[in-house]
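Let's walk through this protein together, one feature at a time. Please have a look at the sequence and the model first.

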Amino acid sequence: MRPQRLLTYALFGAASLAPCAVTFSAHAQAAPVASPAPSANNPLDAPSSSPPPVPTSDDAQLPGAIYKQAMHPLDIVRQSLDNWSDPELAALHLGMKMAHDACDKMDPDNYTKDDLYDLAHLCAFGQDWNPANTAAQRYLRSKAPEHRAQAYAISVGAFVHMDAVDLALATTREMLEYQPYDAEVAYTVRYMKDFLESAGNPEALNLANEEHSKIIDALSKGTPLKATYGDAVISTGLLYAMAMQAVFFQRYAGKDAQAAIYLGDVERTLPQNAALTAEDRQEIDSIRLQYRLLGTRLEPISLIRSYRSATAKPKIDLDHGVATVLVLFPDWCAQCKKMMPALTQFESTNAGTPIHAYGLMFRQAGEAGAADLQKELLGTDAMEISEETARTFGATDYPLGIVVDHAGVIRFIGILPNDAFNAGGYMEKVIQRMVDPQIKSTHSLP
């Protein structure tokens with residue numbers, strides 16, 4: 001999880017934190033993908049490695065569903081501060097400065113109850129982490145129930161920003177043990193899991209294991225998970241995706257047997273009569289498809305054009321090297337396009353290993369002026385694919401990363417932080433975790 005998303009968490013609280021797990025996509029897609037028929041051994045097994053067909057859905061054509069699909073690009077763009085305009089950023093910075101200055105003049109000893117919580121929230125907005133944490137911790141000690149989960153969330157975020165990760169993790173575990181498992185708690189635990197995963201910290205898996213029984217119980221209700229106090233709500237589709245996070249983590253850790261057990265828990269727990277919206281079904285189908293792709297060989301990808309140069313032919317090297325990274329995104333995803341120079345540099349830096357990296361852009365914004373609209377991609381290792389190809393990966397949120405090993409087997413699929421290709425970034429950690437020991441000994445890794 002990149003710093004801006006941590007900032008968003010602190011500014012607006014756990015309930016309003018946009019879904020941003022780096023392990024897999026957790027948003028509705030434009031067209032639903034059918035999940036394969038379950039087998040006795042694995043509920044998501046299918047008879048072949050080919051992705052299922054994309055069906056139509058009557059519910060997906062209802063006005064409410066179409067409205068959510070229409071708003072989805074805007075929602076994704078808003079998640080990254082990289083896409084905010086200068087006036088928006090200026091207004092944000094002004095508000096943060098006002099909050100910081102006010103926080104510095106206030107003593108938590110002078111406040112109680114709601115005022116104490118409001119002080120914690122104010123200081124967090126102002127990025128004044130020590131007093132934010134002090135106020136949040138004092139509110140927790142007061143035993144007041146109304147903002148208790150939110151106070152835990154502020155304290156966790158403050159500890160993360162102060163690089164006190166052990167304290168942030170301990171606070172998360174305390175909240176998970178003593179608070180009723182509601183939407184606020186689930187969002188906060190997810191925030192911590194995402195942070196740990198993006199840092200390559202194995203505690204992400206441990207925390208997911210500790211949460212597993214609670215999130216399974218919540219999923220068993222077949223209804224959205226609501227906050228005990230406040231307006232936070234987690235839809236059934238997103239709750240399913242969050243429950244599946246532990247399954248993905250187990251696979252990434254090489255614990256396939258435990259992943260199968262957890263997968264069975266999730267699939268058996270979701271009630272057959274759960275009231276699912278079209279968006280819920282799309283979300284669930286997307287996660288099922290992406291999980292099913294793990295461990296399968298990457299199928300040939302049809303490429304339309306390359307943006308390396310005007311004359312370059314689009315090509316994905318059939319020799320996958322130590323690893324090949326694909327980053328899938330639509331043409332309207334500004335923050336995804338901004339990643340392409342770093343992706344190109346990442347491949348160049350690791351050419352001797354070798355590690356290959358390609359951006360795969362597809363069009364959703366129409367064909368008018370198509371060549372000019374993509375001029376920011378020129379000179380990068382970005383290529384164009386069709387929207388139909390993107391659907392075969394269950395693409396719903398972006399940038400979607402797919403990593404295959406030396407044999408062309410998909411070992412990772414999930415949403416990437418915008419700084420994934422920076423030196424020491426998340427992509428290095430993903431590749432180091434997946435590479436076989438004997439390959440590590442004969443190749444220099446980043």
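What follows is a short tour of the sulfur links and of one charged patch.

This is a predicted model, in which local features need pLDDT of at least 70, side-chain atom pairs count only at pLDDT 80 or more, and totals for chains, interfaces and linings use all residues. Residues are numbered from 1 along each chain as its sequence is written, and side-chain values use heavy atoms, with hydrogens and water left out.

Let's begin with the sulfur links. A disulfide is a covalent bond between the sulfur atoms of two cysteines. Here it is recognised as a pair of cysteine sulfur atoms within 2.5 Å, and the whole structure holds two of them. Counting bonded cysteines along the chain, their pattern is 1-2, 3-4.

One disulfide connects Cys103 with Cys123, at 2.0 Å from S to S. This pair links distant parts of the chain, 20 residues apart: Cys103 lies in helix H3 (residues 86-104) and Cys123 in helix H4. Helices here are DSSP runs of H or I with at least four residues, numbered from the N terminus. Because the torsion about the S-S bond is about 100°, the disulfide of Cys103 and Cys123 is right-handed. Cys103 has 1% relative accessibility, so it counts as buried (buried means under 20% relative accessible area, exposed over 50%, partly exposed in between, with a 1.4 Å probe and protein chains only).

In the other disulfide, the sulfur atoms of Cys333 and Cys336 are 2.1 Å apart. Both of these cysteines are buried.

Back in helix H4 (residues 113-125) we also find Asp115, which counts as partly exposed because its relative accessibility is 47%.

Terms used:
Helix = DSSP H or I, 4+ residues; strand = E, 2+ residues; numbered from the N terminus.
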